[in-house]
Every structure is written in structure tokens, then in C-alpha cells.
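Student: Could you give me a close reading of a single part of this structure, following its contacts outward to the elements around it? I would prefer one connected account.

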Amino acid sequence: MANTITLTMIKPDAVEKGFTGNILKDIADAGFTITALKLTQLTRSDAERFYSVHRERPFFNSLVEFMISGPIVAAVLKKDNAVEDFRKLIGATNPENAEEGTIRKKYAESVEKNAVHGSDSDENAAIEAHFHFADKEIYSFL
Ligand code: CMP
């Protein structure tokens, strides 16, 4: 599958601990090209909208509070088979279950403060990329 995209967020826990550079290096070393990148902070309504699929989950309010607690780094990543390969690179949602060497195993502290987000489908990757970036901010030629 050539040149698909995924959307990642380096979450407030990992940004606050200074892991941004190491995580971006792991992403680049795994063969992903960064085609959009920003340091930003979600508003409450941004976070509620981004995670609206989880609205009925017991962890929703806590997740929103966490995601607005500090800056995040959002990025669009390009690679063959980007969604699946990125999910392999970051590891299981709960870092306790993540394989050695994965980003969550290395940098996450809990199922909520799990260091990074990765899109779960090509369709959601496109939606999430456009949630964070205007068309002109995504350098598709890279
Ligand atoms: P992510 O996969 O980026 O998107 C949904 C987020 O919800 C997930 O990362 C976690 O941060 C959070 N999450 C998922 N399951 C739980 C849980 N059981 N308890 C708390 N937070 C969770």
C-alpha cells in the first residue's frame, strides 16, 4: 500500500517529560516521513470532538482533562502501510502490554498517559489529519 498517512499526537505526558525529540527520532528511524508538524494545545472542545467516539466510556472525562493539560505535538506521517506500521511501532494502548522497543513501552506511564496517539484506520487518519492541519500545512510532496 503506497504512501498512506497516519496522524500522531505526542501527548502531554511525553511532551512534559521532554521525550518529543526521542519520539520523533524513533518515528523517522522507522521510515516515516513527517509531512506536517506542530506544537499546540487542545481546547476542551477540541479534545471532546477528537475523542467523541469514546464519549460514553468511563474514562472519557479524565482523558479529556489529560489531553488539555499541556501542549501536544501533532504530526502527519507518511509511509507505505502507515496506519498499521505505526500502530506496531507504538505498541499496545496499555504500556504494560506493549512489546519491548515500542514507543509506549519506552515512554508511556499508563493506559491513559500512553505517550502517543496513532490513527486506527486510513479513513480516520484522513479525518484526524484534517482535524489538526489545513491542506496547505500538509506537505504531501515530501
Ligand atoms: P488512544 O489510542 O490515543 O485514543 C484513546 C485513548 O483513550 C487511549 O489512547 C488512551 O489514552 C485512553 N484510554 C483507552 N483506554 C483507557 C482506559 N481503560 N482508561 C483510561 N484511558 C484509556
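Tutor: In this predicted model, Pro12 touches Phe66, Met67, Ser69, Gly70, Pro71 and Ile72, when residues up to four places away in sequence are not counted. Pro12 itself belongs to helix 1, which comprises residues 12-16. With a relative accessible area of 6%, Pro12 falls under the 20% limit and is therefore buried. A further spatial relation points to the same region of the chain: Pro12 and Val73 are 61 residues apart in sequence, yet their C-alpha atoms are 8.4 Å apart in space.

Ile72, one of the contacts of Pro12, leads into strand 3 (72-79). Strand 3 is mostly covered, with eight of its eight residues buried. Ile72, Ala74, Val76 and Lys78 point one way from the strand, while Val73, Ala75, Leu77 and Lys79 point the other way. Residues on both faces of strand 3 are thus buried, those facing one way and those facing the other.

Strand 3 has two pairing partners to consider. Strand 1 (4-10) runs antiparallel to strand 3, and seven bridges join the two. Within this pairing, Thr4 stands opposite Lys79, and the bridge partner of Leu7 is Val76. Strand 2 (residues 33-40) is also antiparallel to strand 3, again with seven bridges. Here Leu37 stands opposite Ala75.

Strand 1 is mostly covered too: six of its seven residues are buried. Strand 1 also pairs with strand 4, in the antiparallel sense and over three bridges. Thr8 of strand 1 has Gly118 of strand 4 as its bridge partner.

Let us now return to strand 3 and follow the chain past its end. Asn81 lies in the loop between strand 3 and helix 5 (82-90). Most residues other than glycine have a negative phi. Asn81 has a positive phi of about 55°, although it is not a glycine. Its relative accessibility is 23%, which is why Asn81 counts as partly exposed.

Beyond this loop comes helix 5, whose buried residues are Ala82, Val83, Asp85, Phe86, Leu89 and Ile90. Their cover includes strand 1, helix 2 (20-29), strand 3, helix 6, strand 4 and helix 7 (122-132). One link back to strand 3 is made by charged side chains: Lys79 and Asp85 meet in a salt bridge, with an N to O distance of 2.5 Å. Lys79 counts as buried because its relative accessibility is 19%, and Asp85 is among the buried residues of helix 5.

A second salt bridge, between Lys88 and Glu84, has an N to O distance of 3.8 Å. Both residues lie in helix 5, four residues apart, or about one turn of the helix. An α-helix has 3.6 residues a turn, so residues three or four places apart point the same way. Lys88 counts as exposed because its relative accessibility is 56%; Glu84, at 45%, counts as partly exposed. After helix 5 comes Gly91, with a positive phi near 85°.

Helix 7, one of the elements covering helix 5, presents two sides. Ala125, Glu128, Ala129 and His132 are its buried residues. They cover an arc of only 105° around the axis, which puts them on the same side of helix 7. Glu123 and Ile127, on the other side, are exposed. The buried residues of helix 7 pack against strand 1, strand 2, helix 3 (44-50), strand 3, helix 5 and strand 4.

Finally, the loop between helix 6 and strand 4 contains Asn114 and Ala115. With a relative accessible area of 2%, Asn114 is buried. Leaving aside its neighbours within four places in sequence, Asn114 is in contact with Lys11, Asp13, Thr93, Pro95, Arg104 and Ala108. Ala115 is a residue other than glycine with a positive phi, near 75°. At 0% relative accessibility, Ala115 counts as buried, whereas Asn81, which also has a positive phi, counts as partly exposed.

In short, Pro12 is in contact with Ile72, strand 3 is joined by seven bridges to strand 1 and by seven to strand 2, and the Lys79 side chain forms a salt bridge with Asp85.

Definitions and conventions. Residues numbered from 1 in each chain as written. Predicted model: local features only at pLDDT ≥ 70, side-chain atom pairs only at ≥ 80, totals over all residues. Heavy atoms only, no water. Buried < 20%, exposed > 50% of the residue type's maximum accessible area, 1.4 Å probe, protein only. Contact = heavy atoms within 4.5 Å. Pairing = 2+ DSSP bridges. Arc of directions from axis to C-beta. Salt bridge = Lys/Arg side-chain N within 4 Å of Asp/Glu carboxyl O.
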